[in-house]
Amino acid sequence: MGMPHSSSLHHFLRHVSFPPDPHLLPTAFKSCPTLPLARALHAVAEVSGLARDPFVASSLLHAYLRLGTTGNARALFDGMPRPQRTVVGWSALVAAHAARGDAEGAWRLLEEMRRDGGVEPNVITWNGLVSGLNRSGRARDAVVALATMHGEGLLRPDATGVSCALSAVGDVGLVSVGQQLHGYAVKAGCRADACVVTALIDMYGKCGQAAEVVRVFDESSHMDVASCNALIAGLSRNAQVCEALRLFKEFVDRGVELNVVSWTSIVACCVQNGKDLEAVEFFREMQAQGTEPNSVTIPCVLPAFANVAALMHGRSAHCFALRKGFLHDVYVSSALVDMYAKCGRVKDARIIFDTMVSRNVVSWNAMIGGYAMYGEAVNAVWMFHSMLKCKQKPDMVTFTCLLAACTQAGLTEEGRHYFKEMHNEYGVSPRMEHYACMVTLLGRAGKLDEAYDLISDMPFEPDAYIWGSLLGSCRVHGNVDLAEVAAEKLFHLEPENAGNYVLLSNIYASKKMWDRVNRVREMMKDVGLKKEKGCSWIEIKNKVHMLLAGDDSHPMMTAIIEKINQLNIQMRKLGFVPSTDFVLHDVEEQEKDDILAVHSEKLAVALGLISTSPGTTLRVIKNLRICGDCHEAMKFISSFEGREISVRDTNRFHHFSGGKCSCGDFW
DNA sequence: AAACAATCGC
């Protein structure tokens with residue numbers, strides 16, 4: 001219990017008198033800022049005999065509930081004479097239990113008020129129950145309450161009740177119940193209520209009904225900012241990012257009074273749909289037009305900075321959060337931990353983590369995942385054990401991060417151990433991503449048969465990622481038989497993924513099985529292939545640059561290409577031989593200009609080299625895994641340019657320095 | 001007596 005905010009304390013003190021006054025006390029309780037003060041004032045009321053006054057008792061009951069003690073409230077309520085224990089008091093108690101996530105306690109109270117109190121719950125009791133359960137994250141219980149209420153013929157809620165109910169239904173994803181409520185709202189005549197419109201949009205959005213989201217919005221007559229915001233969020237949830245952007249611009253043009261939620265929503269929308277640079281731009285724009293970010297905006301925008309390695313942007317968000325006192329917010333600090341880790345500053349991530357006032361499972365996972373990205377498995381394992389010591393229960397993401405750390409560092413035994421333990425000790429059933437980690441872990445250790453057995457014993461159908469991992473390991477260890485099994489599955493699961501054909505063909509080539517190499521090439525011609533475009537980001541002087549493989553639209557492209565040619569000459573002199581293993585990878589690009597076939601990370605590094613002063617560390621982020629050829633090249637470049645170069649790919653960090661990589665060529 | 005829109009980690 002901290003010190004009350006001085007202005008609320010002053011406000012409160014205006015209503016305290018001595019001797020206590022029966023008309024003043026209820027006002028005092030209404031504005032009472034802390035529990036100890038409420039208890040003290042309760043004692044005063046008790047001694048003076050004013051506690052028996054129904055208004056005094058009722059206001060004290062609500063003060064106790066507002067300040068979070070159901071125990072004191074209940075004791076007070078039980079001490080009240082029976083006629084004073086009305087549906088109002090019972091409803092408040094039910095709502096308070098529900099709001100704390102205590103669904104069982106709320107149901108027990110509901111029973112008790114009927115049986116012992118002889119009081120029937122009304123619509124407000126039910127609304128309080130549904131909305132409380134929903135707000136405390138127990139949407140499922142809220143829908144059960146809703147169904148019970150319906151079963152008892154009590155479903156006559158007003159606009160507020162319908163809004164609460166829709167919110168709960170949306171969280172559970174029960175579109176049919178949502179439609180019934182929609183119909184009810186029309187009949188009850190609250191369909192046009194602003195809260196109901198917003199709640200309907202929200203519900204349809206959460207239930208995956210994008211068309212309904214737009215329809216409800218279009219049918220609403222006035223431009224309510226909350227419903228505009230719900231529309232953006234609903235479209236974002238359903239991957240309709242272009243439509244969301246279009247409508248947001250329209251809101252701006254039509255002069256809708258956008259608020260901080262609107263701007264935060266569009267930032268979140270961009271981040272959730274892979275438009276990180278656009279998110280950064282909206283974040284800038286919101287501040288330019290005078291809307292200050294709040295403690296929700298910061299964790300929304302930080303993943304965008306993290307995804308494009310915008311360390312400077314991330315740092316200024318950190319400073320802003322510090323100035324505004326947002327660092328106490330676990331969402332803000334957890335997002336900062338992740339941002340620093342992903343921007344190459346795992347030590348700074350750790351400092352944030354260590355100074356956090358409260359941590360949840362997400363904070364721990366961000367830190368463990370951070371160490372995993374750096375291949376620092378020892379630290380990841382140490383964090384995991386600290387987490388257990390701090391009584392924080394691990395969840396499935398924890399084990400994904402932990403197993404990934406073991407995989408990156410080649411800790412085969414430890415990985416096996418935690419995979420067994422996650423289910424046996426912590427009751428977390430392994431899911432696809434855990435099996436994928438294990439297949440990679442075993443595959444890298446050369447235990448291909450064991451990896452295959454694990455896949456065969458999986459309780460659900462393995463996905464392409466699993467088979468892809470096995471195929472990759474077969475490439476490393478030259479296992480043709482298992483490679484063919486894996487490739488067969490992959491050609492079925494994702495026939496258009498060029499990488500699988502390339503891998504199998506490379507395996508055949510390494511065994512000099514040329515007829516099979518040709519057969520795979522024929523297959524590649526028959527199916528329309530899709531290759532994900534390589535894309536890299538680098539932050540130079542507070543600006544993030546995006547470089548695309550095979551795209552020469554960057555304004556500095558001529559200088560970049562010149563630098564790459566110069567690097568190639570120097571590398572050859574130092575004995576660099578382009579790896580033949582990756583040649584087929586670029587087979588389609590052969591006809592194009594050689595320069596356009598340069599991978600995006602090389603373009604980013606070349607741009608970094610020519611745009612920063614000597615010795616500056618270069619931080620590059622890439623959307624795919626770094627290829628072996630680029631990996632070798634980076635080692636050479638770090639050596640003769642005297643630069644630290646860090647490349648974060650989809651898997652982990654590669655920190656190149658003095659001709660060596662932090663991954664030890666193991667990745 | 002109660003209420004709608006935006007948030008962190010795979």
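A polar contact is a pair of N or O atoms within 3.5 Å; within protein, one of the two must be able to donate a hydrogen and the other to accept it, and residues adjacent in sequence count only if both atoms are side-chain atoms. One such pair joins the protein to DNA strand B: an N or O atom in the side chain of S265 is 3.1 Å from a sugar or linking oxygen of the strand. The model is predicted, so local features need pLDDT of at least 70 and side-chain atom pairs count only at pLDDT 80 or more, while totals for chains, interfaces and linings use all residues. Residues are numbered from 1 along each chain as its sequence is written, chains are lettered from A and ligands numbered from 1 in the order in which they are written, and side-chain values use heavy atoms, with hydrogens and water left out.

We can begin with the overall picture. Chain A holds 34 helices and six strands, where helices (H or I, at least four residues) and strands (E, at least two) are DSSP runs numbered from the N terminus. Along the principal axes, the C-alpha atoms of chain A fill a box of roughly 95 × 55 × 55 Å. Of the 667 residues in chain A, 50% are buried; buried means under 20% relative accessible area, exposed means over 50%, and partly exposed lies in between (1.4 Å probe, protein chains only). Contacts (heavy atoms within 4.5 Å) often link distant parts of the sequence: among those in chain A with a separation of 6 or more, 63% are between residues 24 or more positions apart.

Next comes the DNA. A residue is near a strand or molecule if one of its heavy atoms lies within 4 Å of it. There are 41 residues around DNA strand B, and those that come nearest are I124, N229, Q272, N365 and D395. Helix α20 (residues 330–342) gives the most to this surface, with six residues. Of the strand's atoms within 4 Å of the protein, 46% belong to sugar or phosphate, and the rest to bases. Besides S265, two more side chains show how different parts of the strand are reached. An N or O atom in the side chain of T198 is 3.3 Å from a base oxygen of DNA strand B, and one in the side chain of K342 is 3.0 Å from a phosphate oxygen.

Charged side chains also pair with each other. A salt bridge is a side-chain nitrogen of Lys or Arg within 4 Å of a carboxyl oxygen of Asp or Glu, and this rule gives a count of 26. One of them joins K206 and D202, at 3.1 Å from N to O. These two residues are four apart in helix α12 (residues 194–206), so about one helical turn separates them. K206 is partly exposed, at 29% relative accessible area, and a network of salt bridges links K206 and D202 with D171 and R237. Another salt bridge, between E292 and K324, has its closest N and O atoms 2.9 Å apart. Because E292 lies in the loop between α17 (276–288) and α18 (297–307) and K324 in helix α19 (residues 311–324), the pair ties together parts that are 32 residues apart in sequence. E292 is partly exposed at 47%, and K324 is partly exposed at 37%. A further salt bridge joins E250 and R254 at 3.3 Å; E250 is partly exposed, at 27% relative accessibility, whereas R254 is exposed, at 53%.

Helix α29 (residues 480–493) offers a clear example of a helix with two sides. Its buried residues are V480, L482, A483, A486, A487, L490 and F491. They cover an arc of only 165° around the axis, which puts them on the same side of α29; the arc is that of the directions from the helix axis to the C-beta atoms. On the other side, D481, E488 and H492 are exposed. The buried residues pack against α27 (448–456), α28 (464–477), α30 (498–510) and α31 (514–526). N479 caps the N-terminal end of α29, with a side-chain oxygen 3.3 Å from the backbone nitrogen of D481.

Finally, S536 sits in strand β1 (residues 535–540) and is buried, at 0% relative accessibility. Its side chain makes a polar contact of 2.9 Å with the side chain of S600. Leaving aside residues up to four places away in sequence, S536 touches several others, including H545, L547, A604 and V620.
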